Amino acid sequence: MSEFNPHSLDEDEFLEEVHSVDFWFHAVDGYLRDRTYGRIEGASHPDLDDTDRDNLITTLCNYCIGETAALEASSGLISIAPNRHSKIFLATQVVDEARHLEVFLRRLRDLGVEDPESEISVRANPHLVAFKDRLMELVAGHDWDAAVFAQNVVLETMEYTAFRAHMSTADPATAEVLDGVVKDERRHLGFGENDLGRRLMAMPEKRQRLAEIRRELDNLVLATFEEVQDSLGADRSRRVDLGSEYLDAIERLGLT
Amino acid sequence: MPDSDEPGMIANRIEKVRAKREAGSERRHFELDDRGFNEVPKKWRKFYRHWEGDGDTLGPNEIICPVCKVVIRSVKELRPGDRLYCMPCMSRLLVVEADDGTLTTEVVY
């Protein structure tokens, strides 16, 4: 028997461990230690052609909008989190989201974008901007369940899926950046599903309202997702699979 | 998850699958090695690995997390009723037997 066996922890010990700053610190140290702004130090990669570069810039600009939404929302959620575990976890998520925004901005600069802020405004997907506005309304309204659902289930699951798909076709430099981001997203989407799952077990009457929020947000997120896939040139036959992980999470939570 | 999955019902279900498990033969134990999974602190790493796609297979002590798709590993052969934790996505899981007799997991919230 191993000295450390996660499956032998009692439930409270497990939750305390995985929500802790200590766990987060040693986890990210495992995959970010040898990287600078998400890139492996010393690695060099060939330049992209003009069309691929332009498509990638549009995609990264919209990733920046999604990450900014998650950064602002997760920091806003700390004050309304229902327990200390969640507050501590969200503090780690804030740092993750700030790093994601930073590495995507840095990648835009690598691609020759001199003023990322104005480029983001020009290339912003209106559905994603509308999603961000709605998410921030939910946070400002201190609506914990709906905001965690919108951010950590809807947005994070879609980002996780989109980033992984993009990684499989991306140029090596972008793939390096996405690799570190995807590893963070696993924690974020898991936090959302498990926190909401526990709350819905205790308060099943909340399920109907969250299902309504889901229907409202689905259109915005799925439209964004489709347009990002278009800009990346992803083939249509693969898109159903990409959406299935999101739908699996929705089904597990009983929000169909 | 259906509305009927109240905490008491889950506890009953766990008890049932545990009883079934206890009735089985003695289970094998496994020495775990570090498979390069670097998304959790070092002391927990050997309990997880990435699914390597076509050609990969699960050992009798391994199962895939339904939430984040990481392979979860145990020091013992898995049986229905076992409780596992997926640290990469913070999920608590129960091992259950699927209709086809294979083992799968359900998320326990």
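## Where chain B meets chain A

Chain B and chain A are linked by 2 salt bridges. In one of these, the side chains of Arg92(B) and Glu11(A) come together, with N and O 2.6 Å apart. Keep in mind that this is a predicted model. Besides the salt bridges, let's look at the polar contacts: across the interface there are 18 residue pairs of this kind, counting pairs with both residues at pLDDT 80 or more.

So much for the pairs; now for the pieces of chain B. Four elements each put at least two residues on the side that touches chain A: α1 (7-22), β3 (71-73), β4 (83-86) and β5 (91-97). Which element of chain B gives the most to that side? That would be β4(B), with 4 residues. Sort the residues on this side of chain B by class, and you get 23 nonpolar, 11 charged and 4 polar ones.

How much surface goes into this meeting? The size of an interface is often given as the accessible area lost when the parts come together. Here, about 3,600 Å² is buried between the two chains, and carbon and sulfur atoms give 60% of that. The contact draws 40 residues from chain A and 38 from chain B.

Now step back and look at chain B as a whole. Its secondary structure consists of 1 helix and 6 strands, and if you walk along from the N terminus, the order is α-β-β-β-β-β-β. Chain B has 109 residues, and 50% of them are buried. Take the contacts in chain B between residues at least 6 apart in sequence: 41% of them join residues at least 24 apart. As for the outside, chain B exposes about 5,500 Å², with 48% of it coming from carbon and sulfur atoms.

How values were computed:
Residues numbered from 1 in each chain as written. Chains lettered and ligands numbered in written order. Predicted model: local features only at pLDDT ≥ 70, side-chain atom pairs only at ≥ 80, totals over all residues. Heavy atoms only, no water. Contact = heavy atoms within 4.5 Å. Buried area = accessible area lost by both parts, 1.4 Å probe. Salt bridge = Lys/Arg side-chain N within 4 Å of Asp/Glu carboxyl O. Polar contact = N/O pair within 3.5 Å; in protein donor to acceptor, adjacent residues only side chain to side chain. Nonpolar A, V, L, I, M, F, W, Y, C, P; charged D, E, K, R; others polar. Buried < 20%, exposed > 50% of the residue type's maximum accessible area, 1.4 Å probe, protein only. Areas by Shrake-Rupley, 256 points an atom, 1.4 Å probe, with all protein chains shown as cover.
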